[in-house]
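Me: I would like a close look at one part of the model shown below, followed outward to the parts around it. Please give a single connected account, with the reasoning set out where there is any.

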Amino acid sequence: MQSELQIGRKSEVIAKALVNDADGSPRIEKRARLFDDFIRYVLLFCGIVSIFTTLGIVVVLGRESLLLFSTLDAQGQPVVTLGEFFFSTSWQPAGLKFGILPLLESTLMTSFVAMLVALPLGLGAAIYLSEYASPRVRGSLKPILEILAGIPTVVYGYFAVTFMTPLLQGVFGRDTVQFYNTASAGLVMGIMILPTIASMSEDALSAVPRNLREASYGLSATKFETISKVILPAALSGIVAAAIVGISRAVGETMIVALAAGAGPNWTMPPNFFVAAETITGHIARISGGDLSYNSVDYDSLFALGFALFIFTLGLNLLSRYITNRFREAYQ
Amino acid sequence: MTTTNGATAIDLKSVKVFYNDKLAVDDVNIPIYHNKITAFIGPSGCGKSTVLRSINRMNDLIPGARVEGQVLYHNKNLYGDNVDPVEVRRRIGMVFQKPNPFPKSIYDNVAYGPRLLGIRDRRTLDEIVERSIKGAYLWDEVKDDLKKSGLALSGGQQQRLCIARTIAVEPDVILMDEPASALDPIATQAIEELMRELVKQYTIVIVTHNMQQAQRVSDYTAFFSIRKAEETGGQERRWGVLGEYAPTDQLFSNPKAEETERYIRGEFG
Amino acid sequence: MAQRALSETRTAEDQAFARSLAARHFRGAVWERFFQAAIVIGIVALLALMFNTVNRIVGLVAVQEAIHPSEISDVPLEQLSAEQLAAILTERLPSGGRVLVRDGLLGGADYYNANNTLTMGQFLPDVTLPESVASKKLSELQPEDTQALFVAAMDKNTLLDEVYDQVVGRDVVGSWPLTASLFNRADIEAEIAADHPNATLQWNSWLDLQFLVDSMSNTPADTGIRTAFLGTIWVLLLTLLVSFPLGVGTALYLEEYSSGNNWLERFIETNIRNLAGVPSIIYGLLGLAIFVRTLESITQGRTVISAALTMALLILPVIIINAQEALRAVPPSIREASFGLGATKWQTIWNQVLPAAMPGILTGTILGMSRAIGETAPLIIIGAATFIVKDPNSPVSKFTVIPIQIYNWAKQPGGQYQDIAAAGIVLLLIVLLLFNATAIILRQRFRRSLSA
């Protein structure tokens with residue numbers, strides 16, 4: 001078959017498929033590739049949708065928030081000023097009182113309890129997985145954390161009301177612990193966040209270079225001393241980043257608090273973890289779940305709460321990423 | 001269109017390659033003769049692969065890469081304003097250092113190029129696939145199992161499959177970037193024999209770090225070497241240049257430049 | 001002398017060192033136990049969650065009846081024909097069963113009152129009715145019309161349920177979780193005897209076929225999840241339809257077309273990472289303002305399509321980030337080989353890169369979808385219906401989904417609602433398990449196909 005191939009000559013099919021100039025030389029000039037150009041723009045458009053999402057969030061939340069602050073009451077006074085919004089301790093939409101503090105307080109309370117659970121346990125689990133567990137044990141334990149991470153939050157909410165709350169009431173007494181309370185919501189939220197913190201911390205721990213560990217062992221440190229004095233400090237920024245992401249998830253979590261923390265804003269000072277109190281997200285969920293009329297002050301106030309939540313969590317996430325990036329540079 | 005020996009398929013004229021505005025290869029002038037094997041040799045970092053990849057505009061895929069000078073092909077400069085790299089690559093094929101079959105069947109690997117050219121007819125494709133695989137001396141080993149994944153073949157077979165894939169579109173020139181460097185000696189020998197066979201129909205340019213290989217297979221050899229200069233701030237700048245170009249026999253038996261001789265004797269690499 | 005003193009101090013030092021070394025090891029061992037405990041607590045929490053849920057889907061219930069079935073019929077009710085059951089309903093219910101027609105078939109009192117000029121045929125276009133019935137309004141129905149209507153519009157099982165519900169007055173007055181049912185039966189019997197002397201105890205599984213195929217009801221024992229299940233499927237399919245092409249398109253743009261140093265591309269990239277961290281409730285507010293309100297003329301408000309679009313935006317970052325990783329895992333040599341043969345960029349992507357990355361992309365998509373299955377908060381915000389008996393049948397149907405039902409049931413007072421919520425949760429977790437198993441299988445095949 002070699003014989004049929006002659007030097008410098010193409011077979012008929014291939015020659016026909018290629019385009020040549022009049023003099024028989026190959027045509028290599030640019031051709032219009034409309035389809036390729038079209039696809040490129042389609043794909044660019046896809047990418048821009050995500051920008052529009054962010055833009056949409058900012059515009060929608062911003063616009064409705066502005067509406068809240070520009071609403072006037074019967075006396076022609078604004079129903080709420082920015083100062084009152086952030087610093088007054090009463091949130092009663094019916095009485096035109098829009099002070100975020102009671103909602104913020106319970107948000108911080110549930111998040112605090114959650115972090116109290118998730119940080120030590122998540123970090124402990126991460127240390128165990130990355131420093132102590134054999135590859136086989138790690139291989140069978142990690143999926144369990146992944147299952148925990150994959151359980152829908154409404155299921156955690158159910159767990160809080162049907163398990164954690166009765167448990168707390170059993171331990172501390174029904175008189176002390178109300179049925180709806182921030183402690184139960186916070187504890188369960190901590191379990192929910194545990195896998196996030198564990199897996200991010202584990203990444204940070206396993207990124208610590210081997211030679212640092214070896215140096216520590218070489219100086220006759222025990223395993224725990226190596227972990228606590230060398231590995232943890234080296235991985236600290238990654239762990240801090242994990243904690244910040246954890247806080248951000250706790251602050252934004254809705255279903256657990258909507259089911260377990262209680263309905264109705266409640267300003268308690270000093271904070272009482274065993275009484276019902278409504279968080280920012282819980283309030284948004286409860287109010288919008290009812291018959292909410294558009295263009296009402298209530299409606300606008302939800303978006304103002306949402307905007308505050310958005311800015312807060314965005315700030316936390318940016319901070320976490322900034323810390324992670326700094327950390328990466330340190331070892332590269 | 002028939003060509004006589006001695007005519008060039010490609011002419012590199014004052015080719016310079018830059019990466020991110022840093023000179024990588026300076027002023028290369030090489031004629032690539034029809035139906036001959038031209039070998040590029042030289043120490044690592046001398047830019048021989050870079051020059052090879054500039055011949056079918058594969059460098060375009062590397063962000064920041066830029067070519068100056070002329071690569072003439074049928075009297076057209078491949079780096080002219082109006083040239084479409086896609087069309088160039090349909091005429092000037094490439095075989096890579098590591099065998100890189102698509103994760104598809106042997107048949108689909110070979111039929112991919114013809115399909116890109118718009119050939120859809122099943123019987124025509126069958127013919128092209130058979131002819132190309134035979135041309136790469138792989139037919140007897142795979143003819144019963146063309147549906148098998150290309151990745152299931154041995155390294156040497158994979159590289160011959162890649163060659164079959166390249167010759168399926170019957171390019172004017174085949175560029176080979178160290179095609180045997182990932183293979184064992186027996187597979188290497190098969191590839192070398194295949195190249196001598198292919199050169200009857202095709203023009204081949206091969207980059208190799210193996211001087212014996214260049215000596216065995218090539219008709220012409222271009223030796224690249226490295227130039228260094230101290231930059232302000234104490235940093236060293238390196239770039240490749242064409243050290244010597246000659247018929248292979250002549251270059252190896254009677255090198256003109258002292259540097260070539262030292263390289264051939266194995267004094268640096 | 002000096003020698004001896006030195007060696008004595010050394011022994012003392014050695015002893016001190018040995019003591020402190022023992023202490024150091026002890027401290028280490030204690031902490032190791034703590035680290036181990038952390039992960040054990042995680043496992044225990046998972047087990048408690050599972051047990052707490054499963055424990056409630058099977059157990060004893062106390063059933064009480066207003067009239068004994070034998071007073072209605074000589075043979076067991078289960079053996080009666082549909083016509084006989086319908087006759088019992090017309091005969092025994094107030095206003096000849098017309099109230100049941102209104103509440104069970106015509107969408108309830110509010111809906112009926114708003115449309116009370118319509119005839120039966122207009123209300124129920126999908127049901128084949130005798131002409132005499134179809135042309136009448138509700139107020140004009142005679143008992144025999146009502147009976148014919150019941151037979152035409154309800155199947156036998158529904159009729160049986162209605163007879164038990166409305167006539168026999170079968171009512172579940174108490175329910176107990178599995179553990180209590182097994183180990184505290186005596187206490188339960190005593191409690192029943194004291195509180196509900198007429199009630200009988202029987203075993204019941206809340207998660208049964210009836211739960212899967214029935215639509216919603218006001219009594220927990222009769223309620224089903226069909227409408228919510230279909231709602232979940234509708235929302236998921238539409239979500240997939242929107243988010244998959246958008247997500248893969250974005251990933252392709254960022255990985256294959258982007259040079260990486262253009263401000264727009266960097267901005268898109270950063271933006272996606274940020275969107276991934278936005279709380280889901282914020283997406284709910286976005287969906288409420290944009291899809292439910294601004295685009296109401298297209299989406300018809302609180303409908304399947306509004307929910308799906310909101311969900312699509314929510315899981316887009318998950319799909320994009322996973323698809324990017326899958327594309328990055330495709331060896332560059334495959335792209336080079338394709339370009340080397342004279343393929344255009346899109347030909348290379350379509351013929352080589354996408355097929356090679358597809359299992360990875362699908363895995364990521366499934367992960368995104370399993371997030372969408374469980375998400376509840378955004379759908380509460382955009383206003384999923386809490387009580388709805390009509391199955392969704394178009395993108396602009398009103399709808400509910402499984403997690404919304406779980407939320408509603410979990411919120412209700414009364415143990416039976418907790419039981420039915422548990423049944424919903426188990427169903428939800430099974431669906432999630434199937435999704436994730438698929439993802440794992442795909443991931444393994446992906447690894448194999450690129451390394452064979």
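Reply: In what follows, a helix is a DSSP run of H or I of at least four residues, a strand is a run of E of at least two, and both are numbered from the N terminus. The model is a predicted one. On that footing, the secondary structure of chain B consists of 10 helices and 10 strands, and chain B is the part taken up here before its surroundings.

The overall form of chain B can be judged from its radius of gyration. A compact globule of 269 residues would have a value near 18 Å, and because chain B has 19 Å, it agrees with that expectation. Along the principal axes, the C-alpha atoms of chain B fill a box of roughly 60 × 40 × 40 Å. Of the 269 residues in chain B, 49% are buried. Contacts in chain B also reach far along the sequence: among those between residues at least 6 apart, 70% join residues at least 24 apart.

Within chain B, strand β1 (residues 8–19) is a useful place to look closely. Eight bridges join β1(B) to strand β2 (residues 22–33) of chain B, and the two run antiparallel. One of the paired positions is Phe18(B), whose bridge partner in β2(B) is Leu23(B). β1(B) and β2(B) form a hairpin with two residues between them. In the turn of that hairpin, Asn20(B) has a positive phi of about 50°. Strand β1(B) has a further partner in strand β4 (residues 65–73) of chain B, to which eight bridges join it, again in an antiparallel arrangement. Here Lys16(B) has Glu68(B) as its bridge partner in β4(B).

A positive phi calls for comment, because most residues other than glycine have a negative one. Which other residue of chain B has a positive phi although it is not glycine? It is Glu170(B), with phi near 45°. Glu170(B) belongs to the loop between α6 (155–167) and β7 (173–177) of chain B. This loop residue is buried, because 27 other C-beta atoms lie within 10 Å of its own, where 20 or more suffice.

Chain C offers a counterpart. Gln300(C) has a positive phi near 65° and is likewise a residue other than glycine. Its place is the loop between α16 (296–299) and α17 (304–328) of chain C. Gln300(C) counts as partly exposed because the 17 other C-beta atoms within 10 Å fall between the limits of 12 and 20.

The build of chain C can be set beside that of chain B. Chain C has 22 helices and three strands. Its radius of gyration is 31 Å, well over the 22 Å that the globule rule gives for 452 residues, so chain C is more spread out than a compact globule. The C-alpha trace of chain C spans about 115 × 75 × 40 Å along its principal axes. Chain C is divided into domain 1 (63–205) and domain 2 (226–451), and the C-alpha centres of these two domains lie 40 Å apart. Buried residues account for 43% of the 452 residues of chain C.

The strands of chain C form an open, antiparallel sheet of three in the order β2-β1-β3. Its edge strands are β2 (171–175) and β3 (200–205) of chain C, each pairing on one side only. From one strand to the next, the twist averages 45°. Strand β1 (residues 58–64) of chain C is joined to β3(C) by six bridges, and Val58(C) stands opposite Ser205(C) in β3(C). Helix α11 (residues 185–195) of chain C packs on this sheet, where it touches β1, β2 and β3 of chain C.

Finally, the contacts with chain A. Where chain B meets chain A, 18 residues come from chain A and 25 residues from chain B. The chain A side of that contact comprises nine nonpolar, four polar and five charged residues. Between chain C and chain A, 66 residues of chain C are in contact with 69 residues of chain A. Helix α1 (residues 2–54) of chain C gives the most to the chain C side, with 19 residues. By class, that side has 43 nonpolar, 16 polar and seven charged residues.

Technical notes: Residues numbered from 1 in each chain as written. Chains lettered and ligands numbered in written order. Predicted model: local features only at pLDDT ≥ 70, side-chain atom pairs only at ≥ 80, totals over all residues. Contact = placed C-beta atoms within 7 Å. Nonpolar A, V, L, I, M, F, W, Y, C, P; charged D, E, K, R; others polar. Rg over C-alpha atoms; globule rule 2.2 N^0.38 Å. Domains from an automatic or database assignment. Pairing = 2+ DSSP bridges. Axes fitted to C-alpha atoms, helices over the stretch in contact; angles between N-to-C directions.
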